[in-house]
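This report goes through the surroundings of one residue, a strand and its partners, the salt bridges and a pocket. The sequence and structure come first.

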Amino acid sequence: MKEIKHKLKYGLKNLLQWTLVIFFTSSLAIILRVFVFAKFSIPTPSMEPSIKAGEQVLVSKLTPGARIITNFFTLKKGEVPEVKRMPGFSVKRNEVLIFNFPYSDWQRMSIDMNVFYAKRCVAIPGDTFYIENGIYKVTQSSDTLGCYKNQQYLAERKDNDFNSDIYNCFPFDTRYSWNIKNFGPLYVPRKNETLLIDTLNIILYKKLIEFESRKTIKTKAMHVLMGDSTIQKYTFTKNYYFMAGDFVFDSQDSRYWGLLSEDHIVGKVAFVWNIKDISTGKTKWSDFLKKIK
């Protein structure tokens with residue numbers, strides 16, 4: 001009887017120890033998944049040659065800081081997620097980011113929590129971005145932005161080589177007439193910055209302001225109305241970014257839908273995670289933890 005009690009006590013002790021190990025291991029995994037890193041599959045070739053279609057990538061949430069959706073469990077269809085950020089690193093030009101697509105409805109900006117894109121950030125808050133004969137540029141910067149080789153190929157192609165759906169760009173308005181070879185200049189707003197607003201540049205920033213203010217923007221005669229009030233300036237409450245795919249000929253990026261709000265960003269792509277060659281299916285250890293540049 002004494003021996004049975006001893007074995008029972010020993011068994012319960014082991015069970016408790018393993019339960020605690022499993023609990024703390026699971027808790028650590030959840031904490032890391034929420035606050036530090038995540039894994040995503042890249043379904044399209046829009047980031048080639050940097051990331052091939054079908055590859056998996058490891059994403060660091062330390063840039064720009066882990067995103068907390070404060071109303072996640074009460075979020076209803078059509079509602080805007082409330083986003084708070086943990087402290088993190090600032091996004092830099094040429095970093096590849098994973099983000100939620102900002103337009104499930106093309107009439108207004110939203111956060112589609114079920115759709116993730118991978119694109120390269122080619123302009124950060126405070127930049128003025130433009131494309132000159134296919135080459136991506138930021139004023140007062142000599143940085144090489146995005147995949148320069150693909151941009152050179154783009155520059156060499158004739159304008160009439162492209163279908164109009166691919167050639168014409170944001171904001172799709174005759175007062176700008178931007179295209180994939182000559183685009184901008186477009187100023188990228190930063191948080192707490194005030195811009196003068198008029199009936200011309202509201203075309204560029206309308207959806208951003210509506211997303212932030214949750215009010216309707218209209219133009220009437222020579223005036224811009226936010227709700228029922230006339231505005232001549234606006235102070236942005238979020239940082240914005242210009243996102244571009246490396247494969248410039250086939251990428252649904254900021255050239256077509258405009259600037260990306262910081263609220264949409266999940267994190268920075270750090271490494272290619274998979275070890276199999278997508279085309280052959282063979283193990284390719286040279287790609288394991290390949291750093292994205």
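In this predicted model, Tyr136 touches Val122, Phe129, Tyr130, Ile131, Leu145, Gln151, Ala244, Val248 and Arg255, leaving aside residues up to four places away in sequence. Tyr136 belongs to strand β8, which covers residues 135-138. Its relative accessible area is 3%, and because the cut-off for buried is under 20%, Tyr136 counts as buried. The C-alpha atom of Tyr136 is separated by 9.3 Å from that of Asn182, and the two residues are 46 residues apart along the chain.

**Strand β17**

Strand β17 spans residues 265-272 and is mostly covered, with six of its eight residues buried. Strand β2 (residues 56-60) runs antiparallel to β17 and is joined to it by four bridges. Within this pairing, Val57 has Val272 of β17 as its bridge partner. Strand β5 (residues 96-100) is also antiparallel to β17, with three bridges between them. Here Phe99 is matched with Ile265 of β17 as its bridge partner. Strand β18 (residues 290-291) pairs with β17 over two bridges, again in the antiparallel sense. In that pair, the bridge partner of Phe271 is Lys291 in β18.

**Salt bridges**

Side chains of opposite charge can pair when their charged atoms come close. The whole structure holds 13 salt bridges. Three of these pairs are set out below.

| Pair | N to O distance | Relative accessible area |
|---|---|---|
| Asp246 and Arg120 | 2.8 Å | Asp246 2%, Arg120 3% |
| Arg190 and Glu193 | 3.7 Å | Arg190 40%, Glu193 16% |
| Glu210 and Lys206 | 3.1 Å | Glu210 14%, Lys206 30% |

Which parts of the chain does the salt bridge between Asp246 and Arg120 link? Asp246 forms a salt bridge with Arg120. The pair links distant parts of the chain, 126 residues apart: Asp246 lies in the loop between β15 (240-244) and α5, and Arg120 lies in strand β6 (residues 116-123). Asp246 is buried, and Arg120 is buried as well.

In the pair formed by Arg190 and Glu193, Arg190 is partly exposed, whereas Glu193 is buried.

The side chains of Glu210 and Lys206 also meet in a salt bridge. Both residues lie in helix α4, four residues apart, or about one turn of the helix. Glu210 counts as buried, whereas Lys206 is partly exposed. Elsewhere, Arg93, Asp127 and Asp143 are joined into one network by salt bridges that share partners.

**The second largest pocket**

The second largest pocket has a volume of about 290 Å³. Its lining has 16 residues, and those closest to the centre of the pocket are Phe170, Pro171, Ile203, Lys207 and Trp257. Two elements, α4 (202-213) and α5 (254-257), give two or more residues to this lining. Which element gives the most to the lining? Helix α4 does, with six residues. By residue type, the lining of the second largest pocket divides into 12 nonpolar, one polar and three charged residues.

Helix α4 therefore appears in two of the sections above, because both residues of the pair Glu210 and Lys206 lie in α4 and α4 also gives six residues to the lining of the second largest pocket, the elements being runs assigned by DSSP.

Notes. Residues numbered from 1 in each chain as written. Predicted model: local features only at pLDDT ≥ 70, side-chain atom pairs only at ≥ 80, totals over all residues. Heavy atoms only, no water. 1 Å grid on protein atoms, 1.4 Å probe; cavity = no way out; pocket = protein on both sides within 12 Å on 5 of 7 lines; lining within 4 Å. Points joined across faces, edges and corners; volume = space filled by probe spheres on them. Nonpolar A, V, L, I, M, F, W, Y, C, P; charged D, E, K, R; others polar. Buried < 20%, exposed > 50% of the residue type's maximum accessible area, 1.4 Å probe, protein only. Pairing = 2+ DSSP bridges. Contact = heavy atoms within 4.5 Å. Salt bridge = Lys/Arg side-chain N within 4 Å of Asp/Glu carboxyl O.
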